[in-house]
Amino acid sequence: MPLPYTPMVISDLGSHGWHAEKYSTTRSHLGIYNNVGLTAHYKRSTETSVKSALCYALSNLISNHPILSAVPLAVETPNPYFVRLPAIPLEEVITFMTLNIDPSSPHWRAALDKTLEEQHNSPFLFNPDRPLPFWRISILESEQAPESFTLVFMFHHALMDTKSALSFHDELETRMNQVNVDLQSGERVSSIRPPSDALVPPLEDLYTLPISEDFLRTQENPNEPSPDSWTGSPQFTPVKTRFSSLWLSNAHTRTLAALSKKEGSSVTAVLQTLIATCLFSALPPEYKTLQADCAVSLRSFLPQPVTATTMGCYVGSVSTVYQRAHFNWNEARRTKTVLNHAMALKGGDMGVGYLRFVENQHHWMLQKLGRKRMAAFELSNVGVGHPSPRGAGFEVGGMLFSQSSSACSAAIKISAVTGRDGRLALGFTWQEGVVDDEMIEWVQQALGSQVEELVSK
């Protein structure tokens with residue numbers, strides 16, 4: 001079907017360098033994985049309209065970040081490419097929902113979990129008659145608390161990683177607080193014409209990830225996990241995502257961070273070790289080992305123009321194998337050593353580096369279906385949100401990181417972020433038919449109890 005406008009091709013994802021972006025585009029097209037979300041609770045101490053402030057802020061972000069106006073086309077081919085939208089109608093990418101629920105109650109959290117589950121089951125699809133960006137925003141407001149709202153930012157992983165989403169919320173908050181200074185009363189931006197700037201270069205246009213011959217052989221001829229390693233049900237489509245969140249208190253989060261540092265580990269390593277322990281407690285005794293994958297940011301060794309706040313996709317993954325055991329600090333320290341060693345290799349021997357050797361990602365991914373998964377769970381910890389400016393009209397507090405489940409990766413995905421309110425939130429996603437809801441509930445309860453036991457000592 002011809003497009004109602006002439007698309008401007010701004011990057012060929014089939015060319016050198018865009019391997020991670022093509023990976024996300026391909027698995028989305030095949031229905032293997034949909035999207036990522038970063039949700040933030042906002043306090044509001046101004047009479048300024050949320051919609052006016054939000055539209056104004058988005059107009060600035062779109063003008064400064066070309067990736068927000070990029071959408072992938074030809075996704076059914078081995079050589080997809082990004083095109084730039086001619087305009088972004090903000091009224092169509094922002095949805096407002098009003099709930100008659102107190103935001104401080106458990107019912108609000110349940111409603112948010114349900115909203116996120118629905119969002120993660122809604123893929124981004126290009127409609128030539130109604131071209132929209134591959135990101136969207138949902139605003140949840142409460143009739144009982146007009147002084148606050150929850151903003152759900154949902155995006156396609158080919159556009160950016162979750163570090164980028166943290167930057168998105170940072171800039172959004174800053175710009176929303178400038179609306180009264182820069183915008184005349186009653187004026188509201190409704191449609192944005194994107195900039196003509198080039199996209200920030202992709203990962204491997206900036207840095208070639210080293211791959212050893214041994215790692216290349218293991219990727220080309222992978223062995224299935226041993227029978228005593230639990231990985232959930234085999235890989236299959238269609239994917240229906242299930243979602244549930246777990247929130248730690250401010251005090252528990254603070255103590256866990258201090259304790260992790262004192263014991264020579266890190267919050268990420270401790271969380272990963274604790275989750276493995278809790279998962280073992282939910283499994284039959286014949287399962288002796290678990291593989292955990294951990295997402296890591298590769299930005300620290302990338303050259304300019306990539307910085308900590310650049311919007312793009314610059315992540316890798318590290319695997320760790322655990323034996324059935326109770327939690328102990330030696331395992332947490334071992335996990336930190338594994339992560340540190342991987343980072344010292346500067347992206348060497350990671351799956352994201354292997355992607356450049358895959359000639360046809362569609363064929364490669366489809367071959368995975370029906371086979372056993374390699375990992376039991378995947379942990380992604382995006383870190384801590386930056387402090388909010390004091391006295392601002394719009395102020396970010398708690399945050400929740402989430403993503404859709406995947407047909408071709410770990411059975412359980414746990415996404416972690418510590419909000420500006422000091423609370424660590426964990427978003428659990430799993431594919432229906434791969435993991436039972438009861439197992440997730442067990443693991444969450446066990447994890448909460450383990451953290452409480454650690455910090456109480």
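## Two open sheets and their helices

One open sheet here has 6 strands in the order β10-β16-β15-β13-β11-β12, with mixed pairing. In this sheet, β10 (241–247) and β12 (315–323) sit at the edges with a single partner strand each, so one side of each has no neighbour in the sheet. This is a predicted model, where local features need pLDDT of at least 70, side-chain atom pairs count only at pLDDT 80 or more, and totals for chains, interfaces and linings use all residues. Residues are numbered from 1 along each chain as its sequence is written, and side-chain values use heavy atoms, with hydrogens and water left out.

**How to read the terms**
- Helices (H or I, at least four residues) and strands (E, at least two) are DSSP runs, numbered from the N terminus.
- Two strands pair if DSSP finds at least two bridges between them.

**The sheet of 6 strands**
- From one strand to the next, the twist averages 20° (axes are lines fitted to C-alpha atoms, for helices over the stretch in contact, and angles run from 0 to 180 degrees between N-to-C directions).
- Strands β15 (residues 412–418) and β16 (residues 424–431) pair antiparallel over 7 bridges.
- Opposite Ala 416 stands Leu 426 in β16.
- Helix α10 (residues 267–282) lies across β11 (289–297), β12, β13 (377–384), β15 and β16, at about 150° to β13; contact means heavy atoms within 4.5 Å.

**The sheet of 5 strands**
- This open sheet runs β6-β7-β8-β2-β14, again with mixed pairing.
- Its edge strands, β6 (94–99) and β14 (394–403), each pair on one side only.
- β2 (residues 36–44) and β14 pair antiparallel over 8 bridges, and Arg 44 has Phe 394 in β14 as its bridge partner.
- Helix α2 (residues 50–64) lies across β2, β6, β7 (135–142), β8 (148–155) and β14, running at about 160° to β7.
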